[in-house]
Amino acid sequence: MQMPDYSSFTKAIAAERTDPQAAFDALCAFTRDVVGVKLFTVMTHDHKTGTAGRIYSNMPDAYPVSGTKPANETDWTRQVIREKRTFVANDIEGIAAVFYDHELIRSLGCESVINVPVVIGGEVLGTINCLHEKGFYTEEKVEAAEALKLPGAVCLLLNQRDAKGGQA
């Protein structure tokens, strides 16, 4: 795999007191360039409380940033959260098997998904969620999605810093 160009992302986070929104915007643009995405969200996962929360969305009208909710135990949870493996579904049937909101997803022109776990210190802090048209996430794109983990970690850590009142 060729090394991706992180320069735009790096410039965005190098600004003094980078806020998480600017970092997530840069992550979304990076994802669009490296993997391709129509609908892009980032979710947190708190293993201590068993909760998840959407902290970024490029389509806030359809998928708004929200509070936290209990994380359901599913095959998706087993694969992505416990086993720390990327989840891929390339048709609406695969999406429907794990996501209750598959009709909304399809209405946005999306029928494939890749959920990339962001792991720090052995724990999944969150997931980068990319959705696109049917069959979009080829083996090459799934491999390229590995490059999202480092900037995703930066974004999630910036978000944690701000949630703690700006302390690292």
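Here are six short exercises on this predicted model, each with a worked solution.

Residues are numbered from 1 along each chain as its sequence is written. Because the model is predicted, local features need pLDDT of at least 70 and side-chain atom pairs count only at pLDDT 80 or more, while totals for chains, interfaces and linings use all residues; side-chain values use heavy atoms, with hydrogens and water left out.

**Exercise 1. The whole protein**

Task: List the secondary structure elements, then test the overall size against the globule rule.

Solution:
- Step 1. Use DSSP runs: helices are H or I with at least four residues, strands are E with at least two, and both are numbered from the N terminus.
- Step 2. The protein has seven helices and six strands. From the N terminus, they run α-α-β-β-β-α-β-α-α-β-β-α-α.
- Step 3. Take the radius of gyration over C-alpha atoms; the globule rule is 2.2 Å times the number of residues to the power 0.38.
- Step 4. A compact globule of 168 residues would come out near 15 Å, and the protein has 15 Å, so the two agree.
- Step 5. Along the principal axes, the C-alpha atoms fill a box of roughly 45 × 35 × 30 Å.

**Exercise 2. The sheet**

Task: Find the strand order of the open sheet and explain what is special about β3 and β4.

Solution:
- Step 1. Two strands pair if DSSP finds at least two bridges between them.
- Step 2. The six strands are ordered β3-β2-β1-β6-β5-β4, with antiparallel pairing.
- Step 3. β3 (68-70) and β4 (87-89) are at the edges with a single partner strand each, so one side of each has no neighbour in the sheet.
- Step 4. From one strand to the next, the twist averages 20 degrees.

**Exercise 3. Strand β2 and its partners**

Task: Trace the bridges of β2, then decide how enclosed this strand is.

Solution:
- Step 1. On one side, β2 (residues 51-57) is joined to β1 (residues 39-46) by six bridges, and the two run antiparallel.
- Step 2. Two examples: T44 stands opposite G53, and M43 has R54 as its bridge partner.
- Step 3. Four residues lie between β1 and β2 in their hairpin, where G50 takes a positive phi near 70 degrees.
- Step 4. β2 also has three bridges to β3, again antiparallel. Here A52 partners K69.
- Step 5. Buried means under 20% relative accessible area, exposed over 50%, and partly exposed in between, with a 1.4 Å probe and protein chains only.
- Step 6. Seven of the seven residues of β2 are buried, so the strand is largely enclosed by the rest of the structure.

**Exercise 4. Helices across the sheet**

Task: State which strands α2 and α3 lie across, and at what angles.

Solution:
- Step 1. Fit axes to C-alpha atoms, for helices over the stretch in contact; angles run from 0 to 180 degrees between N-to-C directions. Contact means heavy atoms within 4.5 Å.
- Step 2. α2 (residues 20-34) lies across β1, β2 and β6 (123-132), at about 125 degrees to β1.
- Step 3. α3 (residues 75-82) lies across β1, β4, β5 (112-120) and β6, at about 120 degrees to β6.
- Step 4. The buried residues of α3 are W76, T77, Q79, V80 and I81. Their cover includes β1, β4, β5 and β6.

**Exercise 5. Both ends of α3**

Task: Describe what happens at the start of α3 and after it.

Solution:
- Step 1. A polar contact is a pair of N or O atoms within 3.5 Å; within protein, one must be able to donate a hydrogen and the other to accept it, and residues adjacent in sequence count only if both atoms are side-chain atoms.
- Step 2. At the start, a side-chain oxygen of T74 comes within 3.2 Å of the backbone nitrogen of W76.
- Step 3. K84 follows α3, in the loop that leads to β4.
- Step 4. Most residues other than glycine have a negative phi. K84 is not a glycine, yet its phi is positive, about 60 degrees.
- Step 5. With a relative accessible area of 33%, K84 is partly exposed.

**Exercise 6. Two residues, S112 and V35**

Task: Is each residue buried or exposed, and what does each one touch?

Solution:
- Step 1. S112 is in strand β5. Its relative accessibility is 0%, so S112 counts as buried.
- Step 2. A polar side-chain atom of S112 lies 2.6 Å from the backbone oxygen of E133.
- Step 3. Leaving aside neighbours within four places in sequence, the contacts of S112 include A89, I95, E133 and F136.
- Step 4. V35 is in the loop between α2 and β1. V35 is buried too, at 3%.
- Step 5. Not counting residues up to four places away in sequence, V35 touches F136, Y137, K141, A144, A145 and L148.
- Step 6. V35 and F136 are 101 residues apart in sequence, but 9.5 Å apart in space, C-alpha to C-alpha.
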